[in-house]
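Work through the exercises below with the model open. Each task is followed by its solution in steps.

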Amino acid sequence: MKTIKINPDETGWVKIDGSVRTIVAHFKDGHKETFSLVEFLTFKRRNLVVQIDCYEEGEEIKDD
């Protein structure tokens, strides 16, 4: 798993490795949602996300 902090106030791109299959998005209000990579890329409210956890196929999702 790789964690990427996101600052929605900064412009630019974040690189997500091609081996990533699942994204756990951490929102400003504290809740988390799990997405496939394609679902996350097409998610309209990405500006509410402050951190993503990137999981490759076969990796177990950590439940904090």
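**Exercise 1. Find how β1 pairs with β4, and name the residue opposite Thr3.**

Step 1. Note that the model is predicted. Step 2. Take β1 and β4 together: four bridges link them, in the antiparallel sense. Step 3. Look across from Thr3. Asp53 in β4 stands opposite.

**Exercise 2. Trace the partners of β2 on either strand, β4 and β3.**

Step 1. Start with β4, residues 49-56. Seven bridges tie this strand to β2, and the two run antiparallel. Step 2. Go on to β3, residues 32-36. Here five bridges make the connection to β2, again antiparallel. Step 3. Use Ala25 as a marker. Its bridge partner in β4 is Ile52. In β3, Ala25 has Glu33 as its bridge partner. Step 4. Check the cover of β2, residues 20-27. Six of its eight residues are buried, so the strand is mostly covered, taking buried as under 20% relative accessible area.

**Exercise 3. Write down the strand order of the sheet and explain why β1 and β3 are its edges.**

Step 1. Assemble the pairs. They give an open sheet of four strands, ordered β1-β4-β2-β3, with antiparallel pairing. Step 2. Count partners at the ends. β1 (2-5) and β3 each have a single partner strand, so one side of each lacks a neighbour in the sheet. Step 3. Add the twist. On average, neighbouring strands are turned by 20° against each other, direction ignored.

**Exercise 4. Inspect the hairpin of β2 and β3: which residue takes a positive phi?**

Step 1. Locate the connection. Four residues lie between the two strands. Step 2. Read the backbone there. Gly30 takes a positive phi near 100°.

**Exercise 5. Judge the confidence of the model: which element has the lowest mean pLDDT, and which the highest?**

Step 1. Begin with the whole protein. The mean pLDDT is 90, and 98% of the residues reach 70 or more. Step 2. Rank the elements. Helix α1 (residues 37-41) has the lowest mean, 91, while β3 has the highest, 96. Step 3. Keep the general caution in mind: where pLDDT is low, predicted coordinates should not be read in detail.

Methods: Residues are numbered from 1 along each chain as its sequence is written. This is a predicted model: local features need pLDDT of at least 70, side-chain atom pairs count only at pLDDT 80 or more; totals for chains, interfaces and linings use all residues. Side-chain values use heavy atoms; hydrogens and water are left out. Buried means under 20% relative accessible area, exposed over 50%, partly exposed in between (1.4 Å probe, protein chains only). Two strands pair if DSSP finds at least two bridges between them. Axes are lines fitted to C-alpha atoms, for helices over the stretch in contact, and angles run from 0 to 180 degrees between N-to-C directions. pLDDT is the predictor's confidence in each residue, from 0 to 100.
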